[in-house]
Amino acid sequence: MQDSNTENLVFKTEALVSFISRFVTLTPGDLVITGTPPGVGCFRKPPLYLKRGDVVECEIDEIGCISNTVQ
């Protein structure tokens, strides 16, 4: 239900990495959690929540997509 990309982040990727690097050493494989794009189910009218059988996909262009089915 949510669809966005890094162009819509409040803080740009380069700025986030620069800021975080002031406090910790980032290494390959580290994750930077940036939050969620608009469209969160609990704020929809009526609210919409994940249910058994729904599929959640997260994609990074030129890297790939991870897909998980809600159980």
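**A hairpin and an aromatic pair**

Let me begin with the two strands, where strand 1, covering residues 55–60, runs antiparallel to strand 2, covering residues 64–69, and six bridges join them. Please keep in mind, as we go on, that what we are looking at is a predicted model.

If you follow strand 1 from Val-55, you will find that its bridge partner in strand 2 is Thr-69. Between the strands of this hairpin there are three residues, and Glu-62 takes a positive phi there, near 65 degrees.

How confident is the predictor in this chain? The mean pLDDT is 91, and 100% of the residues reach 70 or more. Among the elements of the chain, strand 2 has the highest mean pLDDT, at 96, while its partner in the hairpin, strand 1, has the lowest, at 90.

Now to the aromatic rings, where a search of the whole structure gives one pair. The partners are Phe-19 and Phe-23, whose ring centres lie 5.1 Å apart, and because their planes meet at 65 degrees, which is over 60, the pair counts as edge-to-face. Are these two side chains buried or exposed? Phe-19 is partly exposed, since its relative accessible area is 47%, whereas Phe-23, at 61% relative accessibility, counts as exposed because the cut-off is over 50%.

Finally, a word on the annotation: an unreviewed UniProt entry marks residues 1–71 as the domain "Fumarylacetoacetase-like C-terminal". In the model, that span is 13% helix and 17% strand, and its end C-alpha atoms lie 18 Å apart.

Terms used:
Residues are numbered from 1 along each chain as its sequence is written. This is a predicted model: local features need pLDDT of at least 70, side-chain atom pairs count only at pLDDT 80 or more; totals for chains, interfaces and linings use all residues. Side-chain values use heavy atoms; hydrogens and water are left out. Two strands pair if DSSP finds at least two bridges between them. Helices (H or I, at least four residues) and strands (E, at least two) are DSSP runs, numbered from the N terminus. UniProt positions are given in the numbering used here, feature names are shortened, and annotations may be inferred rather than shown by experiment. Rings of Phe, Tyr and Trp (its six-membered ring) pair if their centres lie within 6.5 Å; planes under 30 degrees apart count as stacked, over 60 as edge-to-face and the rest as tilted. Buried means under 20% relative accessible area, exposed over 50%, partly exposed in between (1.4 Å probe, protein chains only). pLDDT is the predictor's confidence in each residue, from 0 to 100.
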